[in-house]
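Here are my notes on this model, set out as numbered points. Please read them with the structure open.

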Amino acid sequence: MTVVGDWGSGWQGRVDITAGNAAISGWDVQWTWPGSQRITSAWNTSFTQGGANVTAGDVGWNGTVAAGQSREGFGFIASGPAATPPVTCG
């Protein structure tokens, strides 16, 4: 997760998807916010959030990543202080 822009009361983030030795055909990622952060809008993903827990997945056309490659998975706008918690694949 990368902070793209921060304006104090909100911020823009980006999550990149990286394939290891094998190609990926469909992805889901999860993370837990460390505080009061909350996604208010997102693009190129289908996401759910409950409390501090967030799960996001591909939307079909962006689900494939070639072996050893990275691609921008999705972006979002969030409220609260900017944060970059660890993102795990599901």
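1. **A pairing to start from.** This is a predicted model. Begin at V29, whose bridge partner in β10 is C89. Strand β4 covers residues 28–32, runs antiparallel to β10 and is joined to β10 by two bridges.

2. **The sheet around that pair.** β4 and β10 belong to an open sheet of four strands, ordered β6-β7-β4-β10. The pairing in this sheet is antiparallel. Which strands stand at the edges? They are β6 (46–50) and β10 (88–89). Each has a single partner strand, so one side of each is left without a neighbour in the sheet.

3. **The β6-β7 hairpin.** β6 and β7 are antiparallel and are joined by five bridges. One bridge to look at is that of T48, whose partner in β7 is T55. The two strands form a hairpin with two residues between them. Check G51 in the turn: its phi is positive, at about 65°.

4. **Overall make-up.** The chain has ten strands and zero helices. From the N terminus on, the elements therefore read β-β-β-β-β-β-β-β-β-β, helices being counted only as DSSP runs of H or I. Contacts reach far along the sequence. Among those between residues at least 6 apart, 70% join residues at least 24 apart.

5. **Dimensions and surface.** The C-alpha trace spans about 40 × 25 × 20 Å along its principal axes. What radius of gyration does the chain have, and what would a compact globule give? The chain has 13 Å; a compact globule with 90 residues would be near 12 Å, which agrees. Of the 90 residues, 31% count as buried. The accessible surface comes to about 4700 Å², and carbon and sulfur atoms account for 50% of that.

6. **The nonpolar core.** The largest nonpolar core holds 16 residues. Those with the most contacts inside it are V29, W31, W33, F74 and F76. At least two residues of this core come from each of β2 (10–18), β4, β7 and β9 (70–79). V29 thus deserves a second look: this is the residue that pairs with C89 of β10.

7. **F74 in detail.** Leave aside the neighbours of F74 within four places in sequence. F74 is then in contact with G13, R14 and V15, with W27, V29 and W31, with W43, N44 and T45, and with A56. Two of the core residues named above, V29 and W31, are included in that list.

8. **N62, a buried loop residue.** N62 sits in the loop between β7 (53–57) and β8 (64–65). Is N62 buried or exposed? The relative accessible area of N62 is 0%, so N62 is buried, the cut-off being under 20%. The N62 side chain has polar contacts with the backbone. A polar atom of this side chain lies 2.8 Å from the backbone oxygen of N44. The side chain also reaches the backbone nitrogen of V59, at 2.9 Å. Beyond four places in sequence, N62 touches W27, N44, R71 and G73. W27 and N44 are also among the contacts of F74.

9. **Q37, a second buried loop residue.** Q37 lies in the loop between β4 and β5. At 5% relative accessibility, Q37 counts as buried. The side chain of Q37 again has backbone partners. One of its polar atoms lies 2.9 Å from the backbone nitrogen of G35. The Q37 side chain reaches the backbone oxygen of P81 at 3.0 Å. Setting aside residues within four places in sequence, Q37 is in contact with W11, S79, P81 and A83.

10. **T40, on the surface.** T40 is placed in strand β5 (residues 38–43). With a relative accessible area of 53%, T40 is exposed, since the cut-off is over 50%. T40 and A78 are 38 residues apart in sequence, and their C-alpha atoms are 5.3 Å apart in space. Leaving out residues up to four places away, T40 touches I77, A78 and S79. S79 is also one of the contacts of Q37.

11. **G5, for contrast.** G5 is found in strand β1 (residues 2–6). How far from A23 is G5 in space? The C-alpha distance is 30 Å, with their positions 18 residues apart in sequence. G5 touches W11 and Q12, residues up to four places away not counted. W11 also appears among the contacts of Q37.

Definitions and conventions. Residues numbered from 1 in each chain as written. Predicted model: local features only at pLDDT ≥ 70, side-chain atom pairs only at ≥ 80, totals over all residues. Heavy atoms only, no water. Contact = heavy atoms within 4.5 Å. Pairing = 2+ DSSP bridges. Buried < 20%, exposed > 50% of the residue type's maximum accessible area, 1.4 Å probe, protein only. Polar contact = N/O pair within 3.5 Å; in protein donor to acceptor, adjacent residues only side chain to side chain. Core = buried A, V, L, I, M, F, W, Y, C linked by side-chain atoms within 4.5 Å. Rg over C-alpha atoms; globule rule 2.2 N^0.38 Å. Areas by Shrake-Rupley, 256 points an atom, 1.4 Å probe, with all protein chains shown as cover.
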